[in-house]
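Welcome! Here are a few short exercises to work through with the model in view. Try each task before you read its solution.

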Amino acid sequence: MGIIEPIWEKRFLSDSYACRVGKGTHAGADCAQRFLREAEAGGPVYVLKADVSKYFASIDHHILKRLLRKRICCEGTLWLLDSIIDSCGAEGVPIGNLTSQLFANLYLHELDEFVKGELREERYVRYMDDFCLVANSKDHLQRQRGRIEGFLADNLALRLNAKTQLFSIGTGHGRALDFLGYRIWPNHRKLRKSSALRIQRALWHYARLYRQGKARLSDVRPMVQSWIGHAGHANTYGLRKAVLGSVIFARESPSGRWVE
């Protein structure tokens with residue numbers, strides 16, 4: 001990774017946000033919201049929200065090896081990369097292997113170049129196999145969807161899954177962009193309801209263990225701080241107050257008194 005990652009990192013486009021230094025989910029969500037705000041100034045806002053069907057399992061080995069050979073000619077390095085790729089069977093990349101993140105990014109780098117170079121889309125953001133295009137015309141995005149689907153099928157042996165949608169953005173007749181853990185509108189952002197539900201269930205679980213003397217507060221703090229950090233990138237002050245205030249960590253002391 002120390003040798004091969006820099007080869008592609010300097011070629012990746014700024015529109016790709018997964019598994020890259022200085023990028024990530026929060027930066028990707030910020031970018032998507034900025035695109036919505038920009039588009040809102042030009043009229044109704046539409047989004048093509050798409051992701052690739054069974055992406056990691058569908059990566060074609062022959063295509064991936066051909067893409068690697070665009071930038072690498074060292075036979076020993078290619079032998080090692082081929083061995084890693086072929087270790088998981090006839091298709092896909094080994095999940096959990098650090099190289100798989102890079103393989104997956106460089107595979108869809110081809111899509112990035114097609115969307116930005118050939119389709120000339122200005123408002124495009126991708127996080128691994130999730131991506132969206134923002135525009136002021138529904139018909140335009142419908143045409144671009146067909147071109148993207150054709151490119152993926154013809155060049156990368158991939159297809160979009162059934163969750164791919166084209167919709168309008170708005171608080172009235174439209175809806176939010178559900179992307180990278182947030183529900184995003186041009187001027188505000190909320191957490192997915194499932195995020196609040198997960199942390200609340202986890203807190204109840206740890207509160208019960210703490211009451212039984214089977215958990216420590218130090219076990220809980222990193223989880224809470226991580227969620228607060230994620231939630232803090234949305235308009236969630238009231239939600240954070242409600243969730244964190246709904247659980248009390250208390251246990252009986254040796255003297256028989258309950259302490260919080």
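**Exercise 1. Find how far apart the mean positions of the positive and negative charges of the chain are.**

Solution. Start with the counts: in this predicted model, the chain carries 40 positive and 27 negative charges. Next, take the mean position of each set; the two lie 8 Å apart.

**Exercise 2. Describe the chain as a whole: its secondary structure, its box and its surface.**

Solution. First, look at the secondary structure: there are 10 helices and nine strands. Then turn to the extent along the principal axes, where the C-alpha atoms fill a box of roughly 70 × 55 × 30 Å. Finally, the accessible surface is about 13,900 Å², and carbon and sulfur atoms account for 50% of that. As for burial, 47% of the 260 residues count as buried.

**Exercise 3. Place Cys-19 and decide whether it is buried, partly exposed or exposed.**

Solution. Begin with the location: Cys-19 sits in the loop between α1 (5-9) and α2 (25-40). Its backbone has a positive phi of about 55°, although Cys-19 is not a glycine. Now use the cut-offs: buried is under 20% and exposed is over 50%. Cys-19 has a relative accessible area of 37%, so it is partly exposed.

**Exercise 4. Do the same for Leu-180: is it buried or exposed?**

Solution. Leu-180 belongs to the loop between β5 (177-179) and β6 (182-184). Here too phi is positive in a residue other than glycine, with a value near 55°. The relative accessibility of Leu-180 is 12%, so it counts as buried.

Technical notes
Residues are numbered from 1 along each chain as its sequence is written. This is a predicted model: local features need pLDDT of at least 70, side-chain atom pairs count only at pLDDT 80 or more; totals for chains, interfaces and linings use all residues. Side-chain values use heavy atoms; hydrogens and water are left out. Helices (H or I, at least four residues) and strands (E, at least two) are DSSP runs, numbered from the N terminus. Buried means under 20% relative accessible area, exposed over 50%, partly exposed in between (1.4 Å probe, protein chains only). Accessible areas come from the Shrake-Rupley method with a 1.4 Å probe; for residues, only the protein chains shown count as cover. Lys and Arg count as positive and Asp and Glu as negative; His and the chain ends are not counted. The place of a charge is taken as NZ of Lys, CZ of Arg, CG of Asp or CD of Glu.
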